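This briefing is meant to be read with the model on screen, so that each point can be found by eye. Please look at the structure first, and then follow the notes topic by topic.

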Amino acid sequence: MEQRTGDPHEPRWHLRAPQGWLNDPNGIGRWDGRWHVMYQWNPDDTVWGSIRWGHASSVDLLRWEHEPVALAPRPGAPDGGGAWSGVAVPDGGDVALVYSAVRDASDTGTAGVAVARRGADGGWVQPDRLAAPHPDLPGVVDVRDPFLLTVGGRRVAVQGAGTPAGGAVVVHDADDLEDWRLLGTLLQARDVPAGLAAPGHVWECPQLVQVADRWVLLVSWFERGDGPERLGVTAYTGHLDVTGAAPRFVPEVATAFDHGPDLYAPQAYVCDDGRVLLWGWSWESRDGTRPADEVAAAGWAGLLTCPRELVLAADGRAVMRPAAELVGLRGAPLDVERGLLVTDAPAWRVAASGGLAVSLVDDAGAVVDVWSTDGPAELLVDGSLLEAFEPDRGSTTRRVYRRPGQRWRVGVAGDAAAHVLRVPPA
């Protein structure tokens, strides 16, 4: 994707909407010989509202093409208030989109699950009935964001939720894709063992995947209080107990899934080769670094991270690293002289065996520290998005808005290599 707006903060190769607001990645999959990634989209404004599913596809995870809108709100229908987050699933040799259908966007209690199937023209036909209504579980609220998987030959679905005691993940039997059967809860915050983090009043966008012989549950959480809303993503590693009537997740390890302030709602996809790939949503800065009027003038807000692979560290923590396909973005090498890289390239990467120290510097010598580590690391920068990866610690995602006259300066330790990043020609 080439730059469209002339905005220096706009990415060159990351996936983003043609214009307007973007949030959660949805509908990730591979069919018809192409990768597909969808996302929550408001094409009419740079703020959340009138949510539908945007859609892009790629042959190689490097070059993305926009496709027609996949799902859209329909007045008077179960999704009249919005087609909220969900997934793409195999469906009898084809693909179905399973999503949160919200009748009234101001009332999350109207959220149910709908299943859209492909029509003769290749587009998706949205239904007039729900596969699962808002679940009737005492105290359970804000239920949404279905994710489906097969366990022990049975297809199950999980959804994020909240309870008076904290977040929760609801679980259903979804063998009949059109008629789900509520089983109960997969995990509640109150059942997380002492000593493991269980933040958030509501857990959203749950993702449950197997990595080697372990299971990983991702929950995106938010907390409301007297101050600003707090958000984050927690990764639990553990095992899945399927001995009872309902699957139960037993967490053994917990970690922050990303160490920066600007990643939320990652969605996972299990590839045919066993890899688990993820994309996350990176919003415009929540700390006011980029003012709302500047975002509105730019005409776009939010983008998706690079594709990442979920792996387990030696201690069992779930961490992310860049997808192997991203090697194909590397262009001309950049000079690293005497342990220093200085560049104003719009998109670049650097990797070093002994540590990185990233800052912004201007002609007057003013320095703004951005990020650093003393160990091996790889850094990907594209417009305003910085993604750092450390083998043992995982990822850090941060939006950085360079001002006129500022350049990137990276102190490099050990063996190092740096490159311009660009989308390869077709």
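Two strands are said to pair if DSSP finds at least two bridges between them. With that in mind, the notes below describe a predicted model, in which the secondary structure of the chain comes to one helix and 32 strands. The radius of gyration of the chain is 21 Å, close to the 22 Å that the globule rule gives for 426 residues, so the chain is as compact as a globular protein of that length.

**The chain as a whole**

- Taken along the principal axes, the box that the C-alpha atoms fill is roughly 65 × 45 × 45 Å, and 58% of the 426 residues count as buried.
- If one takes the contacts between residues at least 6 apart in sequence, 55% of them join residues that are at least 24 apart.
- The accessible surface comes to about 16,900 Å², and 50% of this surface belongs to carbon and sulfur atoms.
- The chain has 38 positive and 57 negative charges, and the mean positions of these two groups are 2 Å apart.

**Strand 31 and its partners**

- Strand 31, which covers residues 407-413, is joined to strand 24 (residues 340-343) by four bridges, and these two strands run antiparallel.
- Strand 31 also pairs with strand 26 (residues 355-361), again in the antiparallel sense, over seven bridges.
- Valine 410 in strand 31 is a useful residue to find, since leucine 341 stands opposite it, and valine 358 stands opposite it as well.
- In a regular strand the side chains alternate between the two faces of the sheet.
- Strand 31 shows such an alternation: Trp408, Val410 and Val412 point to one face and are buried, whereas Arg407, Arg409, Gly411 and Ala413 point to the other face and are not buried.

**An open sheet of five strands**

- Five strands, in the order 4-3-2-1-19, form an open sheet whose pairing is mixed.
- The edges of this sheet are strand 4 (64-66) and strand 19 (300-301), each of which pairs on one side only.
- Within the sheet, strand 2 (residues 34-42) and strand 3 (residues 52-58) run antiparallel and are joined by seven bridges, with histidine 36 standing opposite serine 57 in strand 3.

**Three buried residues**

- Aspartate 91 is found in strand 5, which spans residues 82-91, and aspartate 91 counts as buried because its relative accessibility is 18%, where the cut-off for buried is under 20%.
- Apart from neighbours within four places in sequence, aspartate 91 is in contact with Ala96, Arg117 and Leu177.
- Tryptophan 180 lies in the loop between strand 11 (166-173) and strand 12 (181-188), and with a relative accessibility of 8% tryptophan 180 counts as buried.
- Although tryptophan 180 and alanine 132 are 48 residues apart along the chain, their C-alpha atoms are separated by 5.5 Å.
- Not counting residues up to four places away in sequence, tryptophan 180 touches a list of residues that includes Val98, Val113, Ala132, Pro146, Leu148 and His172.
- Threonine 305 has its place in the loop between strand 20 (303-304) and strand 21 (308-312), and at 2% relative accessibility threonine 305 counts as buried.
- Once its neighbours within four places in sequence are left aside, threonine 305 is in contact with His14, Leu263, Trp279, Gly280, Leu385 and Glu387.

Note on methods: Residues are numbered from 1 along each chain as its sequence is written. This is a predicted model: local features need pLDDT of at least 70, side-chain atom pairs count only at pLDDT 80 or more; totals for chains, interfaces and linings use all residues. Side-chain values use heavy atoms; hydrogens and water are left out. The radius of gyration is taken over C-alpha atoms; the globule rule is 2.2 Å times the number of residues to the power 0.38. Buried means under 20% relative accessible area, exposed over 50%, partly exposed in between (1.4 Å probe, protein chains only). Contact means heavy atoms within 4.5 Å. Accessible areas come from the Shrake-Rupley method with a 1.4 Å probe; for residues, only the protein chains shown count as cover. Lys and Arg count as positive and Asp and Glu as negative; His and the chain ends are not counted. The place of a charge is taken as NZ of Lys, CZ of Arg, CG of Asp or CD of Glu.
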